[in-house]
Amino acid sequence: ATVVAVCRNPDRGRQLREEVAALVGADRVEIVTGDLERQSDVRHVAAQVLTRHQQLHVLVNNAGAHFPDQRPGPDGIERHMAVNHLAGFLLTELLLPALRAGAPARIVNVVSDALNDTRTVKITPRPRPATITPEQLGEVDDATPMQVYGRSKLASLMCGYLLADELAGSGVTVTAVHPGHVDTGIVNAFSTPLTRRLMPAVRRFLLTPEQGAEPAIRLATDPALEGETGTYHHRHRLHATTHVSYERALQQQIRAASLRLARVVV
């Protein structure tokens with residue numbers, strides 16, 4: 001496969017390309033630079049990809065972030081929602097013509113089990129799933145950072161469910177996956193002063209980045225999953241999501257609000 005990787009840092013992108021080339025013996029990585037918190041960069045990334053490739057066979061929306069508080073990003077949209085939902089949502093919309101041209105093609109949205117349970121500390125047996133309204137997509141409110149993180153992942157999941165139905169029969173599938181708890185930089189953003197002291201011990205129980213990548217790679221490439229669409233996987237297991245995620249009217253409202261925030265005309 002030829003892989004187009006989107007990186008914020010050009011130097012790290014070049015390093016990634018060199019490392020992969022050394023491992024596989026061929027230079028099959030293309031680097032596109034862009035900060036997906038900015039919609040102008042998302043559009044630039046899509047334009048660069050479409051200039052190089054008329055067909056795409058896989059799109060993995062993996063970029064994600066967790067911030068210590070809520071605040072507007074460069075486009076005036078709350079940052080969790082801008083990165084975790086709208087970036088992938090907009091990029092998918094812009095790349096859909098190439099995915100349709102490359103069918104059979106797969107879209108994989110990396111989400112989180114935070115959409116099923118948004119408690120900061122799990123001390124009660126009853127889960128508290130994320131909820132969302134269209135008005136919450138871009139606004140800063142009094143929700144905790146963990147709650148708005150779960151909300152952003154829920155929005156991504158719901159729009160993916162709706163898109164899967166809309167693309168039925170086109171040869172383009174849409175799935176979502178929780179990769180597990182992975183030892184990457186995002187873990188630091190979830191830590192508190194108390195857990196920060198325990199982090200060296202906690203990290204021993206986290207998945208490596210390679211292990212965390214396995215579920216998305218499987219959804220993107222496994223021949224046994226050909227044609228599967230509109231599903232959510234908790235790592236490698238097919239799993240149901242919170243009941244609100246399946247509400248069609250709300251899915252349509254979230255999509256309409258997302259199109260408005262991403263300034264997409266349909």
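## Strands, turns and empty spaces in a predicted model

Hello everyone. Let me start inside the protein: the lining of the second largest cavity splits into two nonpolar, two polar and two charged residues. The residues in question are Arg 106, Thr 173, Thr 175, Leu 219, Leu 225 and Glu 228. The volume of this second largest cavity is about 30 Å³.

Before I go on, please keep in mind that what you have on the screen is a predicted model. The average pLDDT of the protein chain is 90, and 89% of the residues reach at least 70. One stretch needs care: over residues 118–127, pLDDT stays under 50. For that stretch the model has 15 contacts beyond four places in sequence. As a general caution, predicted coordinates should not be read in detail where pLDDT is low.

Back to the empty spaces. How many cavities of 30 Å³ or more does a search of the whole structure find? The search finds two. You have met the second largest, so here is the other. The largest cavity holds about 40 Å³ of space. Its lining is made of Asn 109, Ser 156, Leu 157, Gly 160, Tyr 161, Val 174, Thr 175, Ala 176, Gly 230 and Thr 231. Two elements, α4 (145–166) and β5, each give two or more residues to that lining. The biggest contribution comes from α4, with four residues. By class, the lining of the largest cavity has four nonpolar and six polar residues, and no charged ones. If you have Thr 175 selected, notice that this residue lines the largest cavity and is also listed in the lining of the second largest cavity.

Now for a space that is open. The second largest pocket contains about 200 Å³. Its lining has 17 residues, and those nearest the centre are Pro 104, Ala 105, Arg 106, Gly 171 and Glu 226. Which elements give two or more residues to this lining? They are β4 (105–110) and β5 (172–178). The lining of this pocket divides into eight nonpolar, seven polar and two charged residues.

Stay with Pro 104 for a moment, if you would. Pro 104 sits in the loop between α3 (79–101) and β4. The peptide bond that leads into Pro 104 from Ala 103 is cis, with omega near 5°. So much for the words; do have a look at that bond on your own screen. Arg 106, meanwhile, is among the residues nearest the centre of the second largest pocket and also lines the second largest cavity.

Let's turn to the strands. An open sheet is formed by five strands in the order β3-β4-β5-β6-β7, with mixed pairing. Because β3 (58–61) and β7 (237–238) stand at the edges with a single partner strand each, one side of each is left without a neighbour in the sheet.

Following the order along, β5 and β6 pair in the parallel sense over four bridges. In that pairing, His 178 has His 234 of β6 as its bridge partner. The next pair is antiparallel: β6 (residues 231–234) and β7 are joined by two bridges. His 234 turns up again here, with Arg 237 in β7 as its bridge partner.

What do β6 and β7 form, and how many residues lie between them? They form a hairpin with two residues between them. Arg 235 belongs to the loop between β6 and β7. Phi of Arg 235 is near 55°, which is a positive value in a residue other than glycine. There is another arginine to look at in this respect: Arg 263, not a glycine either, has a positive phi of about 55°. Arg 263 is found in the segment after α8 (248–261).

One more pair of strands, from the beginning of the chain. Strand β1 (residues 3–7) pairs with strand β2 (residues 29–33) in the parallel sense, over five bridges. Within this pair, Val 3 stands opposite Val 29 in β2. Between the two strands the chain passes through helix α1 (residues 10–24), and the resulting β-α-β crossover is right-handed.

To close, two places to revisit on your screens. The first is Thr 175, which is in the lining of the largest cavity and in that of the second largest cavity. The other is His 234, partnered with His 178 and with Arg 237. Thanks for listening, and I'm happy to take questions.

How values were computed: Residues numbered from 1 in each chain as written. Predicted model: local features only at pLDDT ≥ 70, side-chain atom pairs only at ≥ 80, totals over all residues. Heavy atoms only, no water. 1 Å grid on protein atoms, 1.4 Å probe; cavity = no way out; pocket = protein on both sides within 12 Å on 5 of 7 lines; lining within 4 Å. Points joined across faces, edges and corners; volume = space filled by probe spheres on them. Nonpolar A, V, L, I, M, F, W, Y, C, P; charged D, E, K, R; others polar. pLDDT = per-residue confidence, 0-100. Contact = heavy atoms within 4.5 Å. Pairing = 2+ DSSP bridges. Right-handed = clockwise from strand over helix to strand, strands pointing away.
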